[in-house]
Amino acid sequence: MVSLRSPLKIVLLGSIGVLMTVWVVENPQDSVVARLVTYDKVWGLLLQHFYLVGASALLAVVTSVPLGIALTRPRLKSWAPRVLALVNVCQTVPSLAVVALSVGFMGVGSRPAIIALWIYALLPILSNTLVGFQEVDPAITEAAHGMGMKAWRVLFRVELPMAASMIMAGIRTAVTITIGSAILAAFVGGGGMGNLIIAGNNISRAQVLVLGAALPVLMALMADLFFEGIEKRAKY
Amino acid sequence: MIRFENVVKRYPGEATDAVHNLNLEIESGTICMLVGPSGCGKTTTMKMINKLIRPSSGAILIGGRNIDTVDTIELRLSIGYIIQDTGLFPHMTVGENIAVVPGELGWKKDRISSRIDELLDLVDLNPKAFRNKKPNELSGGQKQRVGVARALAGDPPIMLMDEPFGALDPITRARMQDEFLRIQEKIRKTIVFVTHDVEEAIKMGDTIAVLKLGQIVQLSSPMEILSNPSDPFVSELIGGRNSLKMLSLMRCGQIMKTLSPAEVEEARGSPQGILGMKATAQDALSEMLRTGERFIFVEDERHDVVGVLDFENLLERVNRHGITS
Amino acid sequence: MNFFEFLISRWPTILSLTLEHLFIVFIAMVISVTVGVAVGILITKNQMAARIVLNVTNILMTIPSLALFSLLIPVLGIGKIPAIVGLVAYTQLPIVRNVYTGIMTINPAILEAARGMGLTEKKIMRTIRIPLALPAMMSGIRTATVMGIGIGAIAGYIGAGGLGVYIFQGISRSSDQMVIVGAVLISVISILTDQFLGGVQRKLNR
């Protein structure tokens, strides 16, 4: 069901985005909007947004999944609850504060934006990885060990596949949140769809504002559906 | 008295009736056990009495009144209801749980309060210690006692019990069964008791209705069910060792031969086993096997020997009921 | 000028911005909780309505807060009113969803016992369902409030005041200290609120 309907919905959402863009570009409110919103510019901002989200999410995955795995190994296991508690506290820090802090320490540009988004995306993935591994039934890993599997084989053949859907759920949350938070990058010179919203605000043109708001929403919904599909497939 | 008249229940989308053309009469002040495998319709039958489930056709009468003509809430307030998971309200104390129905009935505060103490005493829980406890502080057996107390709170003439002791460990279950029978001797409610455990049905019931696929296949006393199972289904359900089970239903006090004072004098000092009047015939048999004698003495509460029970006596009792299987 | 000197020299402004921030979030949360709890309870009566409301609140939440606030400007102008409206809209989902699931996911045995004992549906709602759903409701309110504090900072962009002002001004004036003070204070308030409401929630759970 998922494999059939999700792609359809994703295509539908994508077409809405395309139609909205075409509509604004072809029927601008006035010359100011016409100058500001062109196919090239929207495409450019979209790519920038993709880049911000993609880079930070990728960084988050390659850092937090290994970290999560390490924290569930016997040697570091005792640390996991404390790390989880810390992560939970950090997750309450608002995204704007994280972006602002990274600017405060690193100045403006896309780099501090990516770092901020990376840190923010790291938290849900890390907490889900920890929980995913902790939820693997100890009897199953014990059976695997008892059958004579080497520790790393148990990890990759047994634990990781069983925790996979939980990890994917974390990535899904992280990516959806990051798409929204990446709008804030516009404030710190990181670009992305936030530029359109700020510009729309500055020139008070609802058309620009709506387009700038709608495109990230559509992106977030599409990403949510996409990762939902993967998450379901990751379920054993 | 509760009466089922041609009651049918078919759930939507099902091909067969969950309860099929059921006729049943339950005498006031007796325990009627509904027993059978899961899916036999016993719970559905019971839940139709307090309108948790509505019959598709037929009528149910309580004291001659069709329950369709009685207001649902009024009806339910007059029927005690006990279920396996107890359904105690976890956010209320034991006392508050018991107070729910009296509160709905509009009793005064001090009357409710003294009722709580009275009921906790009845189910053998110390009111002072338990009134203000929350359900999650209680053991399984204690929860079920509170469940019984709560169901009795409004002094309903009828009680419905849906596998009330099913989740308890065997020892606690046996103790709860004994205590419940003790309580029933005092309160004499009309009780409809659902169970899948035949032993429980035989032990607790005045009458037993054995259900299969929504129909009653046998309705009779425990003794009758053991001695004359109506068909292979019932015999299989009982699962053999009927004579022993029958013996467990007879009390020594009821079947003993009373002794004259002279005979008592003679018996005094003999090494034979002695049992109380309330001990079962099964206990007596076991005692005979232990001592290697063919008889035992029976004593009253003051430990005076009043009667004798011998092996021939037991044999005759069992044979009188004519074992057929 | 180091960080602490900065904090001391500007403390009256910082304090008033903090209080302003708390004020906006508090007002918004009072409205949001009232509306959210009422809606959450009402939709338990109708599955269709529940599905619609939950979907709408779900979509509301995916709208970037910055965009939502900006879209309110043409309708409500700038200042605290659109900020509060935006915050209320934005924080509905966790409250409505938790109230709804809290009420709907009560152990069926408890409900059956209540019905069997002769309690009316109204009474069951008042004395059983709502009290038992309190911890879940509180958890939703906690999530919503912490979200509200963070989004309240973004409301600074549409002239609502609050600590967000310090962040946005700091960025445009390239004043790292302003940015850091704003960000740190918001973070601290969020964490403290979360811990406090977490404590309340645990108390309700007992």
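How many helices and strands does chain C have? Chain C has ten helices and zero strands, and this comes from a predicted model. Chain A also turns out to have ten helices and zero strands. Let's look at these two chains, then at the place where they meet, and finally at two residues in chain B.

**Chain C**

- Reading from the N terminus, you will meet the elements of chain C in the order α-α-α-α-α-α-α-α-α-α.
- The C-alpha trace of chain C spans about 70 × 40 × 20 Å along its principal axes.
- Chain C has 206 residues, and 52% of them count as buried.
- Take the contacts in chain C between residues at least 6 apart in sequence: 75% of these join residues at least 24 apart.
- The accessible surface of chain C is about 9200 Å², and carbon and sulfur atoms account for 68% of that area.

**Chain A**

- The elements of chain A, followed from the N terminus, run α-α-α-α-α-α-α-α-α-α.
- Along its principal axes, the C-alpha trace of chain A spans about 75 × 45 × 25 Å.
- Of the 236 residues in chain A, 49% count as buried.
- Among chain A contacts between residues at least 6 apart in sequence, 78% link residues at least 24 apart.
- Chain A has an accessible surface of about 11600 Å², with 69% of it belonging to carbon and sulfur atoms.

**Where chain A meets chain C**

- The size of an interface is often given as the accessible area lost when the parts come together.
- For chain A and chain C, the area buried between them is about 2300 Å², and 83% of it lies on carbon and sulfur atoms.
- On the chain A side, Thr92(A), Leu96(A) and Phe187(A) lose the most area to chain C, and together they make up 24% of what that side buries.
- Counting residues instead of area, 25 residues of chain A are in contact with 27 residues of chain C.
- What does the rule find in the way of salt bridges across the interface of chain A and chain C? The count there is zero salt bridges.
- For polar contacts, the rule finds one residue pair across this interface, with both residues at pLDDT 80 or more.
- Three helices of chain A, namely α5 (95–106), α9 (194–202) and α10 (206–234), each supply at least two residues of the side that touches chain C.
- Of the elements of chain A, α5(A) gives the most to that side, with seven residues.
- Sorted by class, the side of chain A that touches chain C has 21 nonpolar residues, four polar residues and no charged residues.

**Two residues to find in chain B**

- Asp124(B) has a phi near 65°, a positive value in a residue other than glycine.
- To locate Asp124(B), look in the loop between α4 (109–122) and α5 (127–130) of chain B.
- Is Asp124(B) buried or exposed? Asp124(B) is exposed, because its relative accessible area is 52% and the cut-off for exposed is over 50%.
- Arg188(B) is another residue other than glycine with a positive phi, here near 50°.
- You can find Arg188(B) in the loop between α7 (170–187) and β8 (190–195) of chain B.
- Arg188(B) has a relative accessibility of 51%, so Arg188(B) counts as exposed too.

Notes: Residues numbered from 1 in each chain as written. Chains lettered and ligands numbered in written order. Predicted model: local features only at pLDDT ≥ 70, side-chain atom pairs only at ≥ 80, totals over all residues. Heavy atoms only, no water. Contact = heavy atoms within 4.5 Å. Buried area = accessible area lost by both parts, 1.4 Å probe. Salt bridge = Lys/Arg side-chain N within 4 Å of Asp/Glu carboxyl O. Polar contact = N/O pair within 3.5 Å; in protein donor to acceptor, adjacent residues only side chain to side chain. Helix = DSSP H or I, 4+ residues; strand = E, 2+ residues; numbered from the N terminus. Nonpolar A, V, L, I, M, F, W, Y, C, P; charged D, E, K, R; others polar. Buried < 20%, exposed > 50% of the residue type's maximum accessible area, 1.4 Å probe, protein only. Areas by Shrake-Rupley, 256 points an atom, 1.4 Å probe, with all protein chains shown as cover.
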